[in-house]
Every structure is written in C-alpha cells, then in structure tokens.
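Please look through the sequence and the structure below, and keep both at hand while reading the report that follows.

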Amino acid sequence: MKRMYLAALLTVTLAACDGSPTGSSAPAAVATHDPMEAKIDALSPSLQQTTMFRAIRDGGYTCQKIVRMEKHAPIEGKAVWIAECDDKGQYVITLQPGGIFWVSGVPQPKRPR
C-alpha cells in the first residue's frame, strides 16, 4: 500500500513540473532507460530531494531531513540515488519499473531522551 501511495505522490509531484530544464544549471542530457528517471532528473534539486525524502519516509525510516544526496551509477540497469539524513542514516534508493522506489538503508537508532 505504501508503494502505491508513493507512486501516486511521485506522479502528482512530477505533474507539477513541465520537464523542461531552465537556466544554465540544467544538467546535460543523459540517455535513460526508464521514462520516470528522466522525469526525476528534470526536477529541480529541491524537488528531487523531496521525492527521495518521501521514498525514505514511506519505507518506514525515521529520516527528518536529507543532508546529502547524489545520483549513483545505475545498478542492474536501474537508476539509483544515495542519501544521507541528519541522523547519519544512509539510504540507497532504487527506481523500479513503474515508478516505484525500493529503499534500503543503514538507519540510525533513535536516542533515548
């Protein structure tokens, strides 16, 4: 159910973007196999980060804020991003066919207060 919600959220997020890069900060065109990857790449960095944050949170992790994020080389032909959260949790986010994200990570345990 969470994955269906994530796919719907991503679709809504991407619908707000016309997909055309603007300004000189637009990344160079990169050939992608998954059309959803191209749509994610066309998002502004802040919207990309928001998309990955939602994937992490929907995966059940306790991330409160992404402090570092970068696109990784494809793994088995699938787009991959690496993210680190403010609690030092580290996550690998893999785009699956159909716009679904698989999140695996090394979350940090919550500290007792």
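## Turns with a positive phi

K88 is exposed, because its relative accessible area is 53%, and a residue counts as exposed over 50%. In this predicted model, K88 sits in the loop between β2 and β3, and its phi is positive, at about 75 degrees, although K88 is not a glycine. Most residues other than glycine have a negative phi. The loop in question belongs to a hairpin, since β2 and β3 form one with 4 residues between them, and K88 is in its turn.

A second residue of this kind is E76, which is not a glycine either and has a positive phi near 55 degrees. E76 is placed in the loop between β1 (66-75) and β2, where the hairpin of these two strands has 2 residues between them. With a relative accessible area of 73%, E76 is exposed. Glycines with a positive phi can be found as well: G98, in the turn of the hairpin that β3 and β4 form with 3 residues between them, has a phi of about 90 degrees, and G60, just after α3, takes a positive phi of about 90 degrees.

## The strands and their pairing

How many bridges join β1 to β2? There are 7, and the two strands run antiparallel; within this pairing, I75 stands opposite K78 in β2. On to the next pair: β2 is joined to β3 by 5 bridges, again in an antiparallel arrangement, and I82 has V92 in β3 as its bridge partner. Finally, β3 pairs with strand β4 (residues 100-106) in the antiparallel sense over 7 bridges, with Q96 standing opposite I100 in β4.

Strand β2 is thus joined to β1 and also to β3. Of the 8 residues of β2, 7 are buried, so this strand is largely enclosed by the rest of the structure.

## Helix α3

Helix α3 covers residues 45-58, which makes 14 residues, and at 1.5 Å a residue the helix should span 20 Å; because the span is counted as 1.5 Å times one less than the number of residues, this expected value can be set beside the model, where the end C-alpha atoms are 20 Å apart, in agreement.

Which residues of α3 are buried? They are Q48, T51, M52, A55, I56 and D58. When reading such a list, it helps to remember that an α-helix has 3.6 residues a turn, so residues three or four places apart point the same way.

## The nonpolar core

The largest nonpolar core has 16 residues, and those with the most contacts inside it are I56, W81, I93 and F101. The elements that give two or more residues to this core are α2 (35-42), α3, β2 (78-85) and β3 (90-96), and β2 gives the most, with 4 residues.

I56, which is one of the buried residues of α3, shows how parts of the chain come together here. Leaving aside its neighbours within four places in sequence, I56 is in contact with Y61, C63, I66, A83, C85, Y91, I93 and V103.

## The disulfide

Two of the contacts of I56, namely C63 and C85, are themselves linked: they form a disulfide, with their sulfur atoms 2.0 Å apart. A disulfide is a covalent bond between the sulfur atoms of two cysteines. The link of C63 and C85 has -100 degrees about the S-S bond and is left-handed. C63 lies in the loop between α3 and β1 whereas C85 lies in strand β2, so the pair ties together parts that are 22 residues apart in sequence.

Are these two cysteines buried or exposed? C63 is buried, with a relative accessible area of 0%, and C85 also counts as buried, at 1% relative accessibility.

## Confidence in the model

The protein averages a pLDDT of 78, and 67% of the residues score at least 70. Over residues 1-24, however, the pLDDT is below 50, and this stretch has 29 contacts in the model beyond near neighbours in sequence. Residues 26-31 also stay under 50, and for them the model has 2 contacts beyond four places in sequence. Where pLDDT is low, the predicted coordinates should not be read in detail.

Notes:
Residues numbered from 1 in each chain as written. Predicted model: local features only at pLDDT ≥ 70, side-chain atom pairs only at ≥ 80, totals over all residues. Heavy atoms only, no water. Buried < 20%, exposed > 50% of the residue type's maximum accessible area, 1.4 Å probe, protein only. Core = buried A, V, L, I, M, F, W, Y, C linked by side-chain atoms within 4.5 Å. Contact = heavy atoms within 4.5 Å. Pairing = 2+ DSSP bridges. pLDDT = per-residue confidence, 0-100. Disulfide = S-S within 2.5 Å.
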